[in-house]
Amino acid sequence: MLVPWAPTGLVPPQLNPLDKPEEQLPPEQGTLPAHKRACWAVLATVLAAMLLAALFTYPLVFLAGSTPSRQDRVQQAPGDACTDPCRITLVESIPEGLTYSSAVPSHPSTFQTWLELIGGAQSSLDIASFYWTLTNADSHTREPSAQQGEQILAELTQLPQRGVAVRVAVSTPKAKQPLDDLEALERSGAAVRKVDMPRLTKGVLHTKFWVVDGTHIYLGSANMDWRSLTQVKELGAAVYNCSCLARDLGKVFEAYWALGVPNATIPEPWPDSYSTIYNAETPLQLQLNGTPASVYLSVSGGPGRA
Ligand SMILES: *[C@@H]1O[C@H](CO)[C@@H](O)[C@H](O)[C@H]1NC(C)=O
Ligand SMILES: *[C@@H]1O[C@H](CO)[C@@H](O)[C@H](O)[C@H]1NC(C)=O
């Protein structure tokens, strides 16, 4: 990391869940048939990616918790299993100059994933973010490895004129943090809301995820920071053609969005529209890469409960 002025999500390589997927299995799953093991491996991958995001998300930590009092009121309708052809892939940023042997699994880059999500967006893009420094302006250098971040910002600012509604929820910037990217987004027609987590929760909005067209999602450790594309190891997951999961994650975004209005307060209780039937007890049943899987999203810290 060249200019470490802000915390960003470093992912220790030993946490990469694809290195040794069988180590992610609970011991009692070791004797399952192969297709079940594959199912557990995919599930472990998803949850591991979310937990990795959690490690760096304070106080809005994605944790395997639930809010039974509210969620128990909503019963899962029978037969409403997700029929979307959900495709999941891990995505990662590997710092420039760091090379691995060809035996190490490689995944699509965060940069390429973001570019494709932007390129494919047709109606909406919602981004939950901690801070924005996609250009070199923050470091007052001409670092070539900022190019990818600068390209992402340039492409994002093209979206509104293409008819794509862009919403950005960002943790209220500290006084010394640059505002250039957020101002460029607003000039382009994107809607930006600063979520005052320091006032609301004495924390920050540390979540990083994207929801595209209510159908595709990205969730991971990468900040909206050029370093997160070329200088910092980052791990995330992209799930495509999965409106069931995107709808659930969208509720988390709506919670942040609601908290981004001036002088917002945390509603108690949250309106039912933010509630979800999916939790540890009743996870979403879906096919991930053609494999039966169970997934739920969870946010702690109060503002988002999904
Ligand atoms: C989503 O599904 C459609 C229809 O099967 C397919 O053409 C498209 O490539 C998929 N999108 C992604 C991003 O995988
Ligand atoms: C927010 O609160 C401040 C301080 O109480 C007040 O001056 C301001 O008018 C409020 N803004 C809105 C939009 O309500």
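Contact here means heavy atoms within 4.5 Å of each other. That sense applies to helix α5 below, and to the fold as a whole. The model is predicted.

**Overall make-up**

The protein has 306 residues, and 53% of them count as buried. Its secondary structure comprises eight helices and 11 strands. Take the contacts with a separation of 6 or more: residues 24 or more positions apart account for 77% of them. The accessible surface comes to about 13,800 Å². Carbon and sulfur atoms hold 56% of that surface.

**The sheet**

Seven strands build an open sheet. Their order is β1-β9-β7-β6-β2-β4-β5, with mixed pairing. Strands β1 and β5 stand at the edges. Each has a single partner strand, so one side of each is left without a neighbour in the sheet. From one strand to the next, the twist averages 15°.

Inside this order, β6 and β7 run antiparallel. Four bridges join the two strands. Phe-209 stands opposite Leu-219 in β7.

Residue ranges of strands discussed here:

| Strand | Residues |
|---|---|
| β1 | residues 87-93 |
| β4 | residues 165-171 |
| β5 | residues 191-195 |
| β6 | residues 209-212 |
| β7 | residues 216-220 |

**A helix on the sheet**

Which strands does helix α5 lie across? Helix α5, residues 180-188, lies across β4 and β5. The helix runs at about 140° to β5. Strand β5 is also one of the edge strands of the sheet, and β4 stands beside β5 in the strand order.

Notes. Residues numbered from 1 in each chain as written. Chains lettered and ligands numbered in written order. Predicted model: local features only at pLDDT ≥ 70, side-chain atom pairs only at ≥ 80, totals over all residues. Heavy atoms only, no water. Buried < 20%, exposed > 50% of the residue type's maximum accessible area, 1.4 Å probe, protein only. Areas by Shrake-Rupley, 256 points an atom, 1.4 Å probe, with all protein chains shown as cover. Pairing = 2+ DSSP bridges. Axes fitted to C-alpha atoms, helices over the stretch in contact; angles between N-to-C directions.
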